[in-house]
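Q: Please take a close look at one helix of this model, beginning where the helix starts, and then show me what the interior of the protein is built from.

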Amino acid sequence: MVKERSFLHQSSKKGENAQINLKWKKEADERILEHRQRDLEINVTNHDKKPIAGIEVELKQIRHEFAFGSAMNDQVLFNQRYADFFVKHFNWAVFENEAKWYANEPERGRITYEKADAMLNFADKHQLPVRGHALFWEVEDANPSWLRSLPNHEVYEAMKKRLEHAGNHFKGRFRHWDVNNEMMHGSFFKDRFGKSIWKWMYEETKKIDPQAQLFVNDYNVISYGEHHAYKAHINELRQLGAPIEAIGVQGHFEERVDPAVVKERLDVLAELGLPIWVTEYDSVHPDAHRRADNLEALYRVAFSHPAVKGVLMWGFWAGAHWRGEHAAIVNYDWSLNEAGRRYEKLLNEWTTQRVEKTDANGHVTCRAFHGTYEIRIGKENKLLKQQTIELDSKEQTPLRLDVIVSEEG
């Protein structure tokens, strides 16, 4: 009897968990329909402006507006499978290490951007926007070893040189800059020059590269509940006068991603009125199915949140993941594990591909995900017209597309 009661209790708990699971997914999916899609109206007429019924209209989404990206390392320069996977699965990139100060100036005065430039060329070739990570890093051990031993006045001179040199070298090539990484968890520059140095970093970066969006970026925010502290930290930076333009939240998770908790923490940060990016996502678990559930929880909640503009994994392949194979979505042999299959499934779910026929009024109306579309108009397997359009999130009103075709083709 004891075993039976225990079994019944476990079954009851599983039932409750299933209901909770369905509830958060349902709520997230409703937000996705509201915030990530827009109505598209296509009207097909002939040259006499008469509507044409029965014309096939194919909508093929070729790019997402939302950023589904990843960290990229120098494997992309010599490992073809790594490069091919990246281009197929991601539409944004951030360099894992190659734009950090210690990589660009490993010895004082010996400056190199060789790997970063080669990776930028790869990104440009494949139309991948890139985040700049990071101009400075507040954590002491993350700075070049030669810098840490200098007296304060020489540190400041080195900072000015770094900002001017790297800022101008990468000007116009990075869409974002993590200006000073992890200010909540480090104090290398603050201890030497006070918090006013943070304002200086941001102001000078903006002067050099006015088109780059300037980010804060930190950890333990959505994974370990430092969201209120982060909000206060960002407010303090803004009160200092630092031009903070966007919020980066790292998402390094362990065994479980709780979607309700993540949403609550994102809600708190969204009160600041700034765009939010999940800049570094991963979760570690030996069971790839658990890893898949974590990935779905994070991505579905983030994609459903109107303040979030993108999610970037911090690596994907077991052979080059900073947290090892139990954080990867791709196995050593390049087969997808369950987390990788789940990622592909989510991308398919959130991509619009459909074929419709015009009604008696020559209309096709549908709701589609924000992004770039190839529109093909045809009849009886004959292509009559093709064009590319942007269905963006800037307007909530339907996008109207008027197409004139010859009925003879």
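**Helix α10 and the nonpolar cores**

A: In this predicted model, helix α10 has a polar contact at its start, where a side-chain oxygen of Asp258 comes within 3.1 Å of the backbone nitrogen of Ala260. The helix itself covers residues 259-270, and because each residue should add 1.5 Å, its 12 residues are expected to span 16 Å, which agrees with the 16 Å that separates its end C-alpha atoms. Several residues of α10 are buried, namely Pro259, Val262, Arg265, Leu266, Val268 and Leu269, where buried stands for a relative accessible area under 20%.

Turning from the helix to the interior, it helps to recall that in soluble globular proteins nonpolar side chains tend to be buried together. The largest nonpolar core of this model has 112 residues, and Tyr299 and Phe316 are the ones with the most contacts inside it. Helix α11, which runs over residues 288-304, supplies the largest share of this core, with eight residues. Apart from this core lies another one, of nine residues, including Val94, Ala246, Trp277 and Leu312.

Phe316 deserves a look of its own: leaving aside residues up to four places away in sequence, Phe316 touches Ser70, Ala71, Tyr82, Phe85, Phe86, Phe90, His321, Ala328, Ile329, Val330 and Trp334.

How values were computed. Residues numbered from 1 in each chain as written. Predicted model: local features only at pLDDT ≥ 70, side-chain atom pairs only at ≥ 80, totals over all residues. Heavy atoms only, no water. Helix = DSSP H or I, 4+ residues; strand = E, 2+ residues; numbered from the N terminus. Expected span 1.5 Å × (residues − 1). Buried < 20%, exposed > 50% of the residue type's maximum accessible area, 1.4 Å probe, protein only. Polar contact = N/O pair within 3.5 Å; in protein donor to acceptor, adjacent residues only side chain to side chain. Core = buried A, V, L, I, M, F, W, Y, C linked by side-chain atoms within 4.5 Å. Contact = heavy atoms within 4.5 Å.
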